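Trainee: Could we go through this one together? I would like to see how each label is earned.

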Amino acid sequence: MSQYSGLAGAGGNAAFCDLRSDTVTRPDAGMLQAMQAAELGDDVYGEDPQVNRLEAVLTERLGKEAALFLPTGTMSNLVGLLAHCQRGEEIIVGDGYHVYAYEAAGASVLGGIALCPVPVRADGALDPVTIAGAVKEDDSHLAVSRLLSLENTHNGLVVPLADMNAAADAARAAGLAVHLDGARFFNAATALGCAEAELAGLVDTVSICLSKGLGAPAGSALVGPADLIAKARRWRKMLGGGMRQSGVLAAAALYALEHNVERLAEDHGRAAELADVVRGLGAGQVSQATNMVFFTPENGRNDDLRAHLAAQGVVIGGGSSGAIRMVLHKDVDDGALGRAVQGLRSFYG
Ligand SMILES: *Cc1c(COP(=O)(O)O)cnc(C)c1O
C-alpha cells in the first residue's frame with residue numbers, strides 16, 4: 001500500500017494533490033454508478049455486453065476492424081507484439097520507449113522475439129533514416145525484421161502526424177508492419193487536434209490505456225486488423241488475461257470514453273500553467289508537453305523539495321536526482337493545482 005494512500009480522497013480534492021502519475025486517478029461517482037448498473041456476462045465466452053460494446057466503440061472510433069479488451073497496457077502491447085511476430089523475428093523500437101525499456105523484455109521472454117533498440121530523438125520521434133538503417137537484410141545470419149513499434153505520447157511529448165508517417169513509411173518500405181504504443185493515445189489526438197481515426201490510421205495496431213488520464217480503474221485495449229486481433233485473443237487467454245465478468249471494468253472504460261476524453265485539454269492547460277510557475281521561480285530546467293511537466297532543480301534539492309511539498313499534501317514523481325515529474329490529471333482541479341503552486345513558491349520564495 002502506498003504511504004500516501006491514507007491521505008487521498010476520491011476525485012478532485014484540494015487538500016491533496018498527487019502529481020506522480022495519471023494512473024492514480026480514481027473512479028468518480030458517475031463512473032462507479034455506471035459500473036454498478038452494468039449488465040454482465042462471461043467475456044471468455046464472448047458474452048459480456050459491456051466488453052463487446054467497448055470493443056465495438058473503440059473499433060469504430062479508431063477506424064479499425066477489431067478490438068480486444070485487456071487488463072493492462074503491458075499485456076496489450078505484449079499480445080500485439082506476439083500477434084505480429086514469430087520466434088526469430090525482430091521489432092525495431094525506440095530505446096526509451098516503454099515496450100523496450102519497461103516491459104521486462106516480455107516479447108523476448110515469451111515469444112523468442114528480438115528487440116532492436118534505436119535512439120529516440122529529443123522530440124520523442126524516431127528518425128526514418130535510422131529505422132531504414134536498422135532493418136536487417138535477408139541473410140541467414142540475421143534476425144528477420146518484422147515490426148516497427150512507435151510510441152505517442154512519449155514522456156508527454158506529442159509526435160506530429162508527419163513524423164509518425166515518415167517513420168511508418170520507412171518501415172513499410174522494408175515490408176515491416178507498424179504498432180503504436182498509445183498508452184496516452186487520447187492525449188496525443190487531443191494535442192494534435194486530429195481525429196482519433198486519423199492518428200490510428202497511420203499504423204496497423206494501436207494499444208491504448210483506459211486507466212491513465214481517462215480515469216478508469218484498470219484496463220487497456222488493442223485495436224487493429226481482425227486477423228491480428230484474433231491471434232492476440234488467443235495470446236490473451238494463454239497469458240491468463242481472460243477476465244470473465246470484466247464488463248464491470250469495461251463499463252468504467254465506456255464511461256471514461258464518453259466523459260473524460262474532451263476534458264484532457266484541461267490537464268494540458270494546467271500542465272502549461274504549472275510549467276510557467278516553475279519557470280518563473282527560475283529554479284532549474286523545465287520542460288512541459290501535454291499533461292506532463294519535468295523539472296530538474298539546479299542544486300539537486302530533489303529530496304528537500306519532495307519533503308517540503310509532501311508536508312503540504314503535494315506528491316511529486318521522479319528520484320533523488322535528475323528530473324522531477326509532475327503529471328496533471330482529472331483528480332487535480334484548480335484547487336489542488338493551487339496547493340502545488342503554493343508549495344513550490346514557499347520552497348523557492
Ligand atoms: C503506462 C504505459 C504502458 C503500460 O501500461 P500498464 O497498464 O501500466 O501496464 C505502456 N506504455 C506507455 C507509454 C505507458 O505510459
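Mentor: Gladly; we will take the whole chain, then one pair of helices.
This is a predicted model, where local features need pLDDT of at least 70 and side-chain atom pairs count only at pLDDT 80 or more, while totals for chains, interfaces and linings use all residues. Residues are numbered from 1 along each chain as its sequence is written, and side-chain values use heavy atoms, with hydrogens and water left out.

Trainee: What makes the chain as compact as a globular protein of that length?

Mentor: The chain has 14 helices and 13 strands (DSSP runs: H or I of at least four residues for helices, E of at least two for strands, numbered from the N terminus). Its radius of gyration is 21 Å, close to the 20 Å from the globule rule for 349 residues, so the chain is as compact as a globular protein of that length. The radius is taken over C-alpha atoms, and the rule is 2.2 Å times the number of residues to the power 0.38.

Trainee: How much of the chain is buried?

Mentor: Buried residues are 52% of the 349, where buried means under 20% relative accessible area with a 1.4 Å probe, protein chains only.

Trainee: Why are α12 and α14 called roughly parallel?

Mentor: The axes of α12 (residues 264-281) and α14 (residues 334-348) cross at roughly 10° and come within 10 Å. Angles under 35 degrees count as roughly parallel, and therefore these two helices are roughly parallel to each other. Axes are lines fitted to C-alpha atoms over the stretch in contact, with angles from 0 to 180 degrees between N-to-C directions.

Trainee: Which residues make the contact?

Mentor: Among them are L274 and V277 of α12 and L337 and V341 of α14, contact meaning heavy atoms within 4.5 Å.

Conventions. Angles under 35 degrees count as roughly parallel, over 145 as roughly antiparallel, 65 to 115 as roughly perpendicular and the rest as oblique. Buried means under 20% relative accessible area, exposed over 50%, partly exposed in between (1.4 Å probe, protein chains only).
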